[in-house]
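These are my notes from a first pass through one structure. I went from strands to cores to the metal site.

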Amino acid sequence: MIPNQWYAILRTQDVKKKPVGIKRLEKLLVLYRDTAGELVCLDDRCPHKGVKLSLGQQHGDLIACPYHGFQYDQQGDCVHMPVLGQKGNVPKGMCVKSYKVKEELGLIWFWFGDVRQEHEYPDIPMFKQLKEYKGHYSYYGWDAPINYTRYVESVCEIYHIPFVHKGSAINIWDPKGGRVDNFECKVEDTLITSDFILRPDDDRTAEETLVARKPWTRGWRFGIDVQMPNLILIRSDVFDVIFIPTPIDENTCWVCVCYQEPKRDLLLPLIKPLPIPFWGPVRPWYMCRIERFVQQAKDMAVIAHQEPKVSHPKANRLIPLDKVNAHYIRFREKLIREAKEQQQVKELAKSNPEFAAPTLEQIIGIEEVH
Ligand code: FES
Ligand SMILES: [Fe+2]
C-alpha cells in the first residue's frame with residue numbers, strides 16, 4: 001500500500017443512518033454520520049475490551065459500544081461510561097483513533113498517511129472524464145479475492161479480453177485473440193495514459209478495421225489510463241468506465257466500478273442510445289452488475305491464481321504492450337520509497353525518549369477512577 005494517498009473506501013450512499021463496519025487498508029473502521037450529517041471514521045475497536053463499535057448504537061453524535069456502553073465522540077474520545085454514572089470521570093487515554101475522511105464525487109475517501117494541516121492534503125485523485133462528466137453514472141462495489149496490485153494490472157491491459165472474457169460483446173470476432181496496433185503510452189505527473197486499437201488479426205490496416213461495416217470484423221479504439229495510487233479508466237467510443245481496487249488486506253481488495261451512460265449502441269456504430277425516459281441511469285446501473293456478476297467472475301477464475309500474489313518489479317516478465325503496467329509498478333515502488341524516506345526524516349527530527357513499561361495506573365487509569 002502506498003502511504004500518503006487518498007483511497008476510495010465506500011460509496012457515499014453506503015453510510016446512511018446506522019454505523020457501518022468495514023476493513024480497508026488493513027484497518028478495521030467504523031463509519032457513521034453525526035447529527036449534522038458529517039461523516040465520522042474511527043477505529044472499529046473499543047479500547048476497553050476490543051469489541052467492534054460498529055455493532056453498537058449511535059446516540060446523536062456519539063457511538064456506543066455494545067458491550068458496556070462506553071460512548072465515543074466524533075474525535076474518538078470516550079465521553080461517557082455508564083458504569084461510572086453521569087458524573088463519573090472518564091480515565092485518560094480511553095479513546096479510539098479517528099481518521100481523516102472526505103466525501104467527493106459520490107465516494108468516501110480515506111487519507112492513508114500522516115496527519116497534516118488542512119491545506120496540506122492533496123486533491124482527491126480522479127480522472128477529468130468523471131470530474132467533468134454531466135450525464136448519469138453509477139457506482140457498484142464488491143470484495144475481490146486478490147491483491148489490489150493484481151487487480152490494477154488486469155484492468156490496465158485488455159488483450160486478455162478475447163481469452164478470459166470469451167463471449168463478451170467485444171469479442172465478437174473470434175477467438176484466437178485480438179491484436180493490438182498503434183499503441184502509445186504517455187506519463188504526466190502520476191497519470192499514465194495509453195491509446196491503441198484492439199482488432200482482428202488480418203491483412204487490413206488498423207484504421208480499416210475501425211470503419212468495418214460488419215460488427216464482427218470491427219476493431220475498437222481504446223484508451224487505458226492509470227491515476228496513482230489505484231484508479232484505472234478504460235476509454236472507448238462506446239463508454240468510459242472506471243475501476244478503483246482499494247486494498248482490504250494482502251489477499252483481498254474492495255473493487256468499485258463506475259459506468260457512465262454509453263455514448264452509442266455497442267453493435268450499431270452510428271446509433272446513439274435511444275432517449276427513453278428514465279432510461280439514463282438504468283444502463284450504467286445494469287452495466288455495473290454485468291461487470292460484477294459476469295466479467296469479474298471470469299477474471300477471478302484466472303487471476304486469483306497468479307503467483308506471486310502481490311506484484312512488484314520482478315514479479316512479471318512484461319512485453320512492450322504492458323508499458324502501462326510497467327509504469328504503474330515503477331510508480332508504486334517510487335511512491336512507497338518516498339513516503340518511507342519522509343517518515344524517516346520525521347522520526348530523526350523527533351527526540352528518542354527511552355522506553356519505559358507503562359504503569360498499572362496508565363493501563364487502567366486508576367488515578368482518574370477513584
Ligand atoms: S468493550 Fe466496549 S465498553 Fe466494554
Ligand atoms: Fe478482465
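Entry 1. Is strand E14 (residues 220–227) mostly covered or mostly open? I looked it up in the model, which is a predicted one. E14 is mostly covered, with seven of its eight residues buried.

I then checked what E14 pairs with. Strand E13 (residues 191–199) runs antiparallel to E14, and eight bridges join the two. Within E14, Trp 220 stands opposite Leu 198. E14 also pairs with strand E15 (residues 231–236), again in the antiparallel sense, over six bridges. I noted that Gln 227 has Leu 231 in E15 as its bridge partner. Three residues lie between E14 and E15, and the two strands form a hairpin. As a general reminder to myself, side chains in a regular strand alternate between the two faces of the sheet.

Entry 2. Next I looked at helix H2 (148–155). How many residues of H2 are buried? I found eight of the eight buried, so H2 is largely enclosed by the rest of the structure. The list of buried residues in H2 runs Tyr 148, Thr 149, Arg 150, Tyr 151, Val 152, Glu 153, Ser 154 and Val 155.

I picked Tyr 151 from that helix and listed its contacts. Setting aside residues up to four places away in sequence, Tyr 151 touches Trp 142, Ala 144, Ile 146, Phe 243, Pro 245, Cys 253, Val 255, Gln 296 and Met 300.

Entry 3. Tyr 151 led me to the largest nonpolar core, which has 75 residues. Tyr 151 is among those with the most contacts inside this core, together with Leu 31, Phe 110 and Met 126. Strand E17 (residues 252–260) gives the largest share of the core, seven residues. Where does this core lie with respect to domain 1 (5–120) and domain 2 (128–332)? Both domains give residues to the core, so it lies between them. Apart from this core I found another, of 15 residues, including Val 40, Leu 42, Cys 46 and Tyr 72.

Entry 4. I turned to the metal site. Which protein atoms are donors of the iron ion (ligand 2)? I noted His 160 (NE2), His 165 (NE2) and two OD entries for Asp 299, lying 2.1 to 2.6 Å from the ion. The angles among the four donor atoms run from 54 to 150°, and the site is irregular. In sequence the donor residues are spaced H-x4-H-x133-D. His 160 lies in the loop between H2 and H3 and Asp 299 in helix H5 (residues 282–303), so the pair ties together parts that are 139 residues apart in sequence.

I also checked how covered these residues are. His 160 and Asp 299 are both buried. For His 160 the relative accessible area is 15%, and buried means under 20%, so His 160 counts as buried. Neighbours within four places in sequence aside, His 160 is in contact with Ser 154, His 165 and Asp 299.

Entry 5. Last, I looked up a glycine. Gly 56 sits in the loop between strand E4 (39–43) and strand E5 (57–59). Is Gly 56 buried or exposed? At 12% relative accessibility, Gly 56 counts as buried. Leaving out residues up to four places away in sequence, I list Pro 19, Ala 64 and Pro 66 as touching Gly 56. His 68 is 12 residues from Gly 56 along the chain, and their C-alpha atoms are separated by 10.0 Å.

Methods
Residues numbered from 1 in each chain as written. Chains lettered and ligands numbered in written order. Predicted model: local features only at pLDDT ≥ 70, side-chain atom pairs only at ≥ 80, totals over all residues. Heavy atoms only, no water. Core = buried A, V, L, I, M, F, W, Y, C linked by side-chain atoms within 4.5 Å. Buried < 20%, exposed > 50% of the residue type's maximum accessible area, 1.4 Å probe, protein only. Helix = DSSP H or I, 4+ residues; strand = E, 2+ residues; numbered from the N terminus. Domains from an automatic or database assignment. Contact = heavy atoms within 4.5 Å. Donors = N, O, S within 2.8 Å, 3.2 Å for Na, K, Ca; no water. Tetrahedral: all angles 85-135°; square planar, octahedral: opposite > 155°, others 65-115°. Pairing = 2+ DSSP bridges.
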